[in-house]
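Trainee: Please take one part of this structure and examine it closely, residue by residue. I should like to follow how that part is joined to its surroundings.

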Amino acid sequence: AAMVAATQGPVLELGMGDFSSYLLHAMCAVQTPPRRLVSHESNGEWLERFKVLDNRTHSIVYNTKMEF
């Protein structure tokens, strides 16, 4: 979140979380113009959990090739 506040341009999130995804979504949405947020998730259950955030400025990508 600190990096989003200190930078400009699109934001990439690798792996979604209960706190971070909602925070990044809100931070990007309130900026003028809204910043583009792309979230990659490798877990189908988590993807379903956060699909409500998917909109014109926040894309959620199911990425089965990510490994942590």
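Mentor: A residue counts as partly exposed when its relative accessible area lies between the limit for buried, under 20%, and the limit for exposed, over 50%. W46 has a relative accessibility of 26%, and therefore counts as partly exposed. The model is predicted, and every value below is computed from it. I shall take the aromatic rings as the part to examine, and then follow their connections outwards.

The whole structure holds two aromatic pairs. In one of them, Y22 and F50 are tilted with respect to each other, at 5.6 Å from centre to centre and with 55° between the planes. Since Y22 belongs to helix 2 and F50 to helix 3, this pair ties together parts that are 28 residues apart in sequence. The two partners have unlike surroundings: Y22 is partly exposed at 38% relative accessibility, whereas F50 is buried at 0%. In the other pair, the ring centres of W46 and F50 are also 5.6 Å apart, but the planes make an angle of 15°, so this pair is stacked. W46 and F50 both belong to helix 3, where they are four residues apart, about one turn of the helix. As a general point, an α-helix has 3.6 residues a turn, so residues three or four places apart point the same way. Taken together, Y22, W46 and F50 make up one aromatic cluster.

A charged group also belongs to this picture. The charged end of R49 sits over the ring of W46, at 4.3 Å from the ring centre. R49 is itself partly exposed, because its relative accessibility is 43%. The side chain of R49 also meets that of D18 in a salt bridge, with 2.9 Å from N to O. This contact links distant parts of the chain, for D18 lies in the loop between strand 1 and helix 2 while R49 lies in helix 3, 31 residues apart. D18 has a relative accessible area of 45% and is therefore partly exposed. Two salt bridges are found in the whole structure. The other one joins the side chains of K51 and E48, again at 2.9 Å from N to O. K51, at 48% relative accessibility, counts as partly exposed, and E48 counts as partly exposed at 46%.

The next step is to place helix 2, which contributes Y22 to the cluster. Helix 2 covers residues 20-29, and its buried residues are S21, L24, H25, M27 and C28. These buried residues pack against helix 1, strand 1, strand 2, helix 3 and strand 3. H25 may serve as an example. With a relative accessible area of 19%, H25 falls in the buried class, because the limit for that class is under 20%. Apart from its neighbours within four places in sequence, H25 is in contact with L37, L53, N55 and H58.

One of those contacts, L37, leads to the strands. L37 lies in strand 2, where it stands opposite V11. Strand 1 and strand 2 pair in the parallel sense over four bridges, and L12 has V38 of strand 2 as its bridge partner. From strand 1 the chain passes through helix 2 to strand 2, a β-α-β crossover that is right-handed. The faces of strand 1 are unlike: V11 and E13 form the covered face, and L12 and L14 the uncovered one.

Strand 2 is largely enclosed by the rest of the structure, because four of its five residues are buried. Strand 2 runs parallel to strand 3, and five bridges join them; in strand 3, Y62 is the bridge partner of E41. From strand 2 the chain crosses through helix 3 to strand 3, and this β-α-β crossover is right-handed as well.

The cluster can now be set in its place. Its rings come from helix 2 and helix 3, since Y22 lies in the former and F50 in the latter. Helix 2 carries the chain from strand 1 to strand 2, and helix 3 carries the chain from strand 2 to strand 3. The salt bridge between D18 and R49 adds a link from the loop between strand 1 and helix 2 to helix 3, and the charged end of that same R49 sits over the ring of W46.

Definitions and conventions. Residues numbered from 1 in each chain as written. Predicted model: local features only at pLDDT ≥ 70, side-chain atom pairs only at ≥ 80, totals over all residues. Heavy atoms only, no water. Buried < 20%, exposed > 50% of the residue type's maximum accessible area, 1.4 Å probe, protein only. Helix = DSSP H or I, 4+ residues; strand = E, 2+ residues; numbered from the N terminus. Contact = heavy atoms within 4.5 Å. Pairing = 2+ DSSP bridges. Right-handed = clockwise from strand over helix to strand, strands pointing away. Salt bridge = Lys/Arg side-chain N within 4 Å of Asp/Glu carboxyl O. Phe/Tyr/Trp six-rings, centres within 6.5 Å; stacked < 30°, edge-to-face > 60°. Lys NZ or Arg CZ within 6 Å of the ring centre and 35° of its normal.
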